[in-house]
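This briefing addresses how the parts of the protein shown below meet, and which residues line its ligand. The points are grouped by topic.

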Amino acid sequence: MLKKSLAVIALLAGVSGGVAKAETISAFCAPTEFELCTNVAKAWHEKTGNEVKINKMPAQLDDAIPIYQQLLASKSADVDVLFLDVIWLGMFKNNLLDLTTMIPKEDQDKHFASTLGAAKLDGKLVAMPAYMDVGLMFYRKDLLEKYGKQPPKTWEELAATAKEIQDKERDAGNKGMWGYVWQAKSYEGLTCDAIELIASNGGGTIISNDGKVTINNPQAVQALDRAKGWIGTITPEGVLGYDEEASRAIFEAGNAVFHRNWPYVWGTSHAAGSAIVDKVGVMPLPVGKAGEKSSGCLGPMYYGVSKFSTKQKVAADFVDFITGTDMQKMRAVQSAFNPSIQSLYNDPEVLAKIPFLKDNQQAFADSAVRPSGYTGTSYNRVSQAFYRAVHDILSGSANTESTLKSLASRLEKLKESR
Ligand code: GLC
């Protein structure tokens with residue numbers, strides 16, 4: 001009885017005490033995570049009484065950059081919470097609220113130190129990690145077994161296995177079968193796919209951490225020429241227009257042996273609508289040659305608060321909530337998103353959903369990091385120059401060596417405008 005009346009008093013104090021008037025904030029979420037964000041918003045509403053209006057970002061995340069630029073340049077108070085790719089942190093750091101004292105220190109300390117550290121710029125904590133992303137290789141476990149093949153260690157082995165299984169499956173009547181689907185549309189995703197091929201072949205990450213333009217080298221030429229050779233043989237020509245979702249559709253329809261994508265594909269390939277439930281294996285990306293590291297592109301995602309928000313405290317509370325342990329666990333269990341919170345890597349429910357999660361820590365450690373740290377605000381132009389050049393090479397319209405040579409001199413100029 002006493003317990004009940006205390007609860008009533010607490011409830012009344014919350015409603016009428018003027019302590020916490022319910023607020024509505026507005027947040028951006030990726031379209032692939034719309035349902036998850038809606039769940040988070042509901043849970044936060046139940047906890048705090050506050051509401052979140054969710055704005056769906058464009059299907060291709062890079063298209064959000066000009067929208068953010070416009071909102072922030074006009075100091076708009078319309079949006080409070082921004083969903084941020086790791087490569088955007090340097091770009092938007094001056095318009096993001098410093099969360100150092102807004103998010104409890106013990107909540108900050110739960111995240112992988114390097115991932116949190118990537119959001120500490122100019123002495124400010126500009127965003128909080130929401131999940132880890134790293135390029136991974138998904139494959140048809142059932143088909144590799146059927147043809148007595150091991151998961152490949154090198155790109156050459158992958159191409160050979162892909163070709164053999166593709167051809168045999170076609171002969172057996174599956175005419176739509178392809179060996180390998182990935183992303184080669186002219187967009188940020190191609191920067192990721194290409195950097196993985198080049199870095200794992202000993203060809204570096206476009207611009208080194210200390211600012212040296214490294215892209216013009218024989219290992220990079222070899223890696224891109226190898227990938228060009230896949231198109232039309234083990235990879236459909238349509239790959240030149242595929243992003244993550246387009247390539248995933250082919251794999252999950254049962255029409256590809258290998259598929260490069262982010263960890264979320266573990267969730268989607270086991271969900272209703274997938275033709276390959278329980279037929280999927282996953283491994284780190286192959287290497288270009290022995291001795292090199294598997295170099296999955298590192299892509300953690302973050303939430304930050306706009307400096308122009310008029311509800312900064314409430315918005316920071318939402319960021320703390322959406323990036324916190326409970327919501328990261330919900331994302332992991334429901335959709336296989338890899339947490340940025342260390343303790344969840346030992347959580348039995350999370351491990352039951354993502355059995356390979358522990359191995360992914362090695363993939364994070366070996367990952368290729370895009371040069372956004374050094375290039376800062378000019379990253380987007382650097383990446384655009386890179387993926388356009390790679391697209392020209394892959395589509396057969398440009399000579400690899402001379403394209404990388406002229407790209408390097410263009411990057412020398414671009415990197416100065418950071
Ligand atoms: C994923 C990654 C992100 C990357 C993007 C490329 O969303 O998390 O870092 O830029 O894919 O398409």
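In this predicted model, the interface of domain 1 and domain 2 contains 3 residue pairs in polar contact, with both residues of each pair at pLDDT 80 or more. On the side of domain 1 that touches domain 2, helix 4 (89-92) and helix 16 (357-365) each contribute at least two residues. Helix 16 provides the largest share of that side, 3 residues. Sorted by class, the side of domain 1 facing this contact comprises 11 nonpolar, 7 polar and 2 charged residues.

**Domain arrangement**

- The domain assignment places residues 2-132 and 299-365 in domain 1, and residues 136-297 and 374-415 in domain 2.
- Each domain is therefore assembled from two separate segments of the chain, as the domain assignment gives them.
- A distance of 30 Å separates the C-alpha centres of domain 1 and domain 2.

**The interface between the domains**

- Contact between the domains involves 20 residues of domain 1 and 19 residues of domain 2.
- About 1500 Å² is buried between domain 1 and domain 2, and carbon and sulfur atoms account for 65% of this area.
- Within domain 1, the residues that lose the most area to domain 2 are Gln60, Ile87 and Phe356, which together make up 31% of what that side buries.
- The rule finds 0 salt bridges across the interface of domain 1 and domain 2.

**The ligand surroundings**

- The residues surrounding the ligand are Asp85, Ile87, Asp133, Tyr187, Glu188, Gly189, Glu244, Trp262, Gly299, Met301 and Arg370.
- Ile87 thus appears among the residues around the ligand and also among those of domain 1 that lose the most area to domain 2.
- Glu244 places a polar side-chain atom 2.7 Å from an oxygen atom of the ligand.
- For Trp262, a polar side-chain atom lies 3.2 Å from a ligand oxygen atom.
- Gly299 approaches the ligand through its backbone, with an N or O atom 2.8 Å from an oxygen atom of the ligand.

**Salt bridges**

- Side chains of opposite charge can pair when their charged atoms come close.
- The whole structure contains 19 salt bridges according to the search.
- One salt bridge joins the side chains of Asp122 and Lys93, at 3.3 Å from N to O.
- This pair connects distant parts of the chain, 29 residues apart: Asp122 lies in the loop between strand 4 (120-121) and strand 5 (124-125), while Lys93 lies in the loop between helix 4 and helix 5 (105-108).

Conventions
Residues numbered from 1 in each chain as written. Predicted model: local features only at pLDDT ≥ 70, side-chain atom pairs only at ≥ 80, totals over all residues. Heavy atoms only, no water. Contact = heavy atoms within 4.5 Å. Buried area = accessible area lost by both parts, 1.4 Å probe. Salt bridge = Lys/Arg side-chain N within 4 Å of Asp/Glu carboxyl O. Polar contact = N/O pair within 3.5 Å; in protein donor to acceptor, adjacent residues only side chain to side chain. Helix = DSSP H or I, 4+ residues; strand = E, 2+ residues; numbered from the N terminus. Nonpolar A, V, L, I, M, F, W, Y, C, P; charged D, E, K, R; others polar. Near = heavy atom within 4 Å.
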